[in-house]
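Student: I should like to work through this structure step by step. May we begin with the term that the later answers rely on?

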Amino acid sequence: MGFENNESVASELVMFTDNDRDLYRQQMEPIFKNLIAKMASGKYDREKAVKLFMYLAESAAKKYAHDAGGDASRWHEMFPVPVRKLAATHWRDSFEAEAKLGNYDNLLPKKYQKQKISVSDAQHSHSVAYQSGMRAAIKYAQAISPSKLQQVIGNFSEYPAQDFDLVDAQGDKNRTKLAKILGITTKDILHNGPAYGNMLDEYDRGYLHGLRNIMAAIEGN
């Protein structure tokens, strides 16, 4: 390798690893699962994370040396400890940035996923109606089979009939209850104004978001 410094050699190792499906499946993804669970439980340690990624860096260095066709036993000379630590630190920093964006939430154990869906997502939703839809979807999705959930998501046009709170409120013309669910006034409902239609749409969006999050939680475990 004709690289100028440790950083360029580390970048080569990172690029090789990130594009190797076996290394990702066998080591990188399990590391992500381990670390995101530790974050959720409050036990995450940044320095220990680097040490964990060092195992990945060693495996990647060995595979790189083997695939290069030279003396595979010299992997530690091609990628000495300082280089492997640079790669491991890069993966640690990248993991933390992606974790903050929620991009590894699907790898969380179910007990942490449900907490994140029901609390964090609801806090970042756009309206009372959106939050109501998400909460109803979570309750509904957890009571049906994954295959049924996938079917509902695939054919989704509005909230399912099993969403008793909203359906019953509409069917019984209980405007007070309906107004509370949607976060609007009873006058808006009585006159079937734009606010009513908009909040029903918001409810649908929240509902679908909740269904999709539960599906992601199931598929991630």
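Tutor: A residue is called buried when its relative accessible area is under 20%, exposed when that area is over 50%, and partly exposed in between. The model discussed here is predicted.

Student: Is Phe 32 buried or exposed?

Tutor: The relative accessible area of Phe 32 is 6%. The cut-off for burial is under 20%. Phe 32 therefore counts as buried.

Student: What is the geometry of the ring pair formed by Tyr 24 and Phe 32?

Tutor: A search of the whole structure finds 11 aromatic pairs. In the pair of Tyr 24 and Phe 32, the ring centres are 6.3 Å apart and the planes meet at 65°. Planes over 60 degrees apart count as edge-to-face. Because the angle is 65°, the pair of Tyr 24 and Phe 32 is edge-to-face.

Student: How is the pair of Phe 32 and Phe 95 classed, and what is the angle between its planes?

Tutor: The centres of these two rings, Phe 32 and Phe 95, are 5.9 Å apart. Planes under 30 degrees apart count as stacked. The pair is accordingly classed as stacked, with an angle between the planes of 10°.

Student: How far apart in sequence are the parts that the pair of Phe 32 and Phe 95 ties together?

Tutor: Phe 32 lies in helix α2 (residues 21–41), whereas Phe 95 lies in helix α5 (residues 81–100). Phe 95 has 0% relative accessibility and so counts as buried. Because the two rings sit in these two helices, the pair ties together parts that are 63 residues apart in sequence.

Student: Which residues are linked into a cluster by ring pairs?

Tutor: Phe 32 and Phe 95 belong to this cluster. Tyr 24 is also a member, although Tyr 24 is partly exposed at 33% relative accessible area. The full cluster is Tyr 24, Phe 32, Tyr 44, Phe 53, Trp 91, Phe 95 and Tyr 104.

Student: Which helix supplies the largest share of the largest nonpolar core?

Tutor: The largest nonpolar core has 31 residues, and Phe 53, Trp 91 and Phe 95 have the most contacts inside it. Helices α1 (6–18), α2, α3 and α5 each supply at least two residues of this core. The largest share, nine residues, comes from α3.

Student: How many residues are in the other core, which lies apart from that one?

Tutor: This other core includes Ala 179, Ile 184, Met 199 and Leu 208. One of these residues, Ala 179, is among the buried residues of helix α10 (residues 175–182). The number of residues in this other core is 28.

Student: Why are the buried residues of α10 said to be on the same side of the helix?

Tutor: The buried residues of helix α10 are Leu 178, Ala 179, Ile 181 and Leu 182. An α-helix has 3.6 residues a turn, so residues three or four places apart point the same way. The face turned away from the buried side of α10 carries the exposed residues Thr 176 and Lys 180. The buried residues are on the same side of α10 because they cover an arc of only 160°.

Student: With which residues is Ser 132 in contact, leaving aside neighbours within four places in sequence?

Tutor: Ser 132 lies in helix α7 (residues 128–141). At 11% relative accessibility, Ser 132 counts as buried. Its contacts beyond those neighbours are Ile 181 and Tyr 203.

Student: What is the C-alpha to C-alpha distance between Ser 127 and Leu 182?

Tutor: Ser 127 lies in the loop between α6 and α7, and at 13% relative accessibility it counts as buried. Beyond neighbours within four places in sequence, Ser 127 is in contact with Met 199 and Glu 202. Ser 127 and Leu 182 are 55 residues apart in sequence, and their C-alpha to C-alpha distance is 8.3 Å.

Student: Which element has the lowest mean pLDDT?

Tutor: The protein averages a pLDDT of 81, and 84% of the residues score at least 70. Helix α3 (residues 46–68) has the highest mean among the elements, 94. The lowest mean, 52, belongs to helix α6 (residues 110–123).

Methods: Residues numbered from 1 in each chain as written. Predicted model: local features only at pLDDT ≥ 70, side-chain atom pairs only at ≥ 80, totals over all residues. Heavy atoms only, no water. Helix = DSSP H or I, 4+ residues; strand = E, 2+ residues; numbered from the N terminus. Buried < 20%, exposed > 50% of the residue type's maximum accessible area, 1.4 Å probe, protein only. Contact = heavy atoms within 4.5 Å. pLDDT = per-residue confidence, 0-100. Phe/Tyr/Trp six-rings, centres within 6.5 Å; stacked < 30°, edge-to-face > 60°. Core = buried A, V, L, I, M, F, W, Y, C linked by side-chain atoms within 4.5 Å. Arc of directions from axis to C-beta.
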